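Biologist: I am new to this structure and would love a close look at a single part of it. Could you pick one spot where helices come together and walk me through it?

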Amino acid sequence: MLISNQIRAARGLLRWSARVLAEQAGIHLSTVQRMERFQGPVGGNVESVRRVQAALERAGVEFLAEDDSLGVRLTRLGGTANKIRAARAKRALSGKDKAK
């Protein structure tokens, strides 16, 4: 079971915007925003939830579930997360990165 707070916390650990998560998961930005909007278990399309979780796990996020506690932790910073940061840095240096 994935909850909205876990998605937001995982994005925070990776320093990803909702837009980056949507791109990495191959879903629309509005879908990510909808998943994060409410407290509690993420509802909606099961495939979209699976894609979000898979994208975050590829980037090194581990979802935790112990007793009554749910959380996330960053197990490694590699692969996708480093590529995205490198691309952002390159855009910023070239002056093509828009302020958000």
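**Where two helices meet**

Modeller: Happy to! Let's start with helix α1 (residues 4-14) and helix α3 (residues 29-37), whose axes come within 7 Å and cross at roughly 120 degrees. At that angle α1 counts as oblique to α3. Please keep in mind that this is a predicted model.

Who takes part in this meeting? From α1 come S4, I7, R8 and R11, and they meet M35, E36 and R37 in α3. Sorted by class, the residues of this contact are two nonpolar, one polar and four charged.

Now look at α1 on its own. Its buried residues are S4, Q6, I7, A10, R11 and L14. Looking down the axis of α1, you would find these buried residues within an arc of 160 degrees, so they line one face of the helix. There is a general reason to expect such patterns: an α-helix has 3.6 residues a turn, so residues three or four places apart point the same way. Right after α1 comes R15, which has a positive phi, near 60 degrees.

Back at the start of α1, S4 has another partner to show you, and this one sits outside the helices. Q39 lies in the loop between α3 and α4. Although Q39 and S4 are 35 residues apart along the chain, their C-alpha atoms are separated by 5.9 Å. Setting aside neighbours within four places in sequence, Q39 is in contact with S4, N5 and R8. Is Q39 buried or exposed? With a relative accessibility of 61%, Q39 counts as exposed, because the cut-off for that label is over 50%.

The loop that holds Q39 leads on to α4, so to speak, and α4 has a helix crossing of its own to set beside the one we began with. The axes of helix α2 (residues 18-25) and helix α4 (residues 46-58) come within 8 Å and cross at roughly 100 degrees. This makes α2 roughly perpendicular to α4. In this contact L21, Q24 and A25 of α2 meet R51, V52, A55, L56 and R58 of α4. By class, there are five nonpolar, one polar and two charged residues here.

So, to return to your spot: α1 is oblique to α3, crossing at roughly 120 degrees, and the exposed Q39 touches S4, N5 and R8.

Notes:
Residues are numbered from 1 along each chain as its sequence is written. This is a predicted model: local features need pLDDT of at least 70, side-chain atom pairs count only at pLDDT 80 or more; totals for chains, interfaces and linings use all residues. Side-chain values use heavy atoms; hydrogens and water are left out. Buried means under 20% relative accessible area, exposed over 50%, partly exposed in between (1.4 Å probe, protein chains only). Helices (H or I, at least four residues) and strands (E, at least two) are DSSP runs, numbered from the N terminus. The arc is that of the directions from the helix axis to the C-beta atoms. Axes are lines fitted to C-alpha atoms, for helices over the stretch in contact, and angles run from 0 to 180 degrees between N-to-C directions. Angles under 35 degrees count as roughly parallel, over 145 as roughly antiparallel, 65 to 115 as roughly perpendicular and the rest as oblique. Contact means heavy atoms within 4.5 Å. Ala, Val, Leu, Ile, Met, Phe, Trp, Tyr, Cys and Pro count as nonpolar, Asp, Glu, Lys and Arg as charged, and the others, Gly among them, as polar.
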